[in-house]
Amino acid sequence: MKVLLAINPSSGGEQAKEYQELAEKSLKKRFDQVTTVLTEGEGDATRFAKQAAEEGYDAYFVMGGDGTVNEGISGLAEVDERPAFGFFPLGTVNDLARALGISMDPKEAIQQVVDYQTKKLDIGKINQSYFMNVVAIGAIPETLNETSVEDKTKFGKLAYVWNGLKSFMNNQAYDFRLVLDGKEQFIHSSTLIVGLTNSIGGFEQLLPNAEINDGLCHLVYLKDGSKLETLQAVPELLQGVDGEGNHLSYQTFKEGTIELVSEEKLQVNVDGDPGDELPIKIRILSGHLDVYCPAK
């Protein structure tokens, strides 16, 4: 059994290198061969994932933030013989880790890997890219796209919350056309969220019905057309959404398209980073990866 470990040395306030020796030691307790590589720029974790598949590694682990985890998953998504995937979270929010029950303490997560089991994990495909957790669309996500790396490092998930609240000052609702599992609908909203797990933006019960391998995309959107309605909807959202509410709508789907009715341009946010502009096509890849996580 052999594993390839890709480390992003700039993650976690550049603490990744400090954890390298501990990670290698823990992985050697369950793998015969541990090979470590360091990422140097965007796309490296994706390239290393494909290398792990091509060279017949049994597992591919990454150490880094949500962006590194996304790259690792994206690299494995399109290969035929996929190694099992694992990760040590060093990010700002670490939503997938929260959903899988992986410790937010890097040392603890590394030490616990000896006892991890594998589970099936759904991933999402958005146009020609992939996501592991969330696609967010609209006024609030547009502001989140502008959250700097420095603010993420300094303030953690509070950086997202603060910038999200600032978006109320310029609140704008849009007219969307959605076709979900073949059914067309038109909605008016400032914010749409498509999630794959219960944890979104560090809020661990935002979508309480979402499971890591339920084969579904979970859509929630704000039924708002004014700043007041947005302010009424957000507390309801943060309490968790498992059905239709006064200011929120919730539904599930497996494949769909989302576009603006107008010719405006609107960029989406994918797993915390800027993504494509609308229109987008989303579909679920059910149980696509085997992922290492605590048994629960």
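**Entry 1: Arg177 and its partners**

I began with Arg177, which counts as partly exposed at 26% relative accessibility, and I kept in mind throughout that this is a predicted model. Looking for a charged partner, I found that the side chain of Arg177 meets that of Glu184 in a salt bridge, at 2.6 Å from N to O. Glu184 is partly exposed too, its relative accessible area being 47%.

**Entry 2: Lys223 and Glu244**

I next looked up Lys223, whose side chain forms a salt bridge with that of Glu244, with 3.2 Å between N and O. I placed Lys223 in the loop between β11 (217–222) and α10 (227–238), and Glu244 in the loop between α10 and β12 (248–253), so this pair ties together parts that are 21 residues apart in sequence. I then checked how open the two ends are to the surroundings: Lys223 is partly exposed, with a relative accessible area of 31%, whereas Glu244, at 53%, is exposed. Returning to the first pair, I noted that salt bridges with shared partners join Arg177, Glu184 and Glu259 into one network.

**Entry 3: a pair within helix α3**

I counted seven salt bridges in the structure, and the next one I followed joins the side chains of Arg47 and Asp44 at 3.3 Å, N to O. Both residues belong to helix α3 (residues 44–54), where they stand three residues apart, or about one turn of the helix. I asked myself which of these two residues is buried and which is partly exposed. Asp44 has a relative accessibility of 12% and therefore counts as buried, the cut-off being under 20%, while Arg47 is partly exposed with a relative accessible area of 46%.

**Entry 4: the nonpolar cores**

I turned from charged side chains to nonpolar ones, recalling that in soluble globular proteins nonpolar side chains tend to be buried together. The largest nonpolar core here has 50 residues, and I noted that Tyr60, Phe61 and Phe87 touch the most other members. I took Phe87 for a closer look and set aside its neighbours within four places in sequence; the residues then in contact with Phe87 are Phe61, Val62, Val69, Leu96, Ala97, Leu100, Ile102 and Val291. I also recorded a second core, separate from the largest one and made up of 25 residues, with Tyr174, Phe176, Val194 and Ile284 among them.

Methods: Residues numbered from 1 in each chain as written. Predicted model: local features only at pLDDT ≥ 70, side-chain atom pairs only at ≥ 80, totals over all residues. Heavy atoms only, no water. Salt bridge = Lys/Arg side-chain N within 4 Å of Asp/Glu carboxyl O. Helix = DSSP H or I, 4+ residues; strand = E, 2+ residues; numbered from the N terminus. Buried < 20%, exposed > 50% of the residue type's maximum accessible area, 1.4 Å probe, protein only. Core = buried A, V, L, I, M, F, W, Y, C linked by side-chain atoms within 4.5 Å. Contact = heavy atoms within 4.5 Å.
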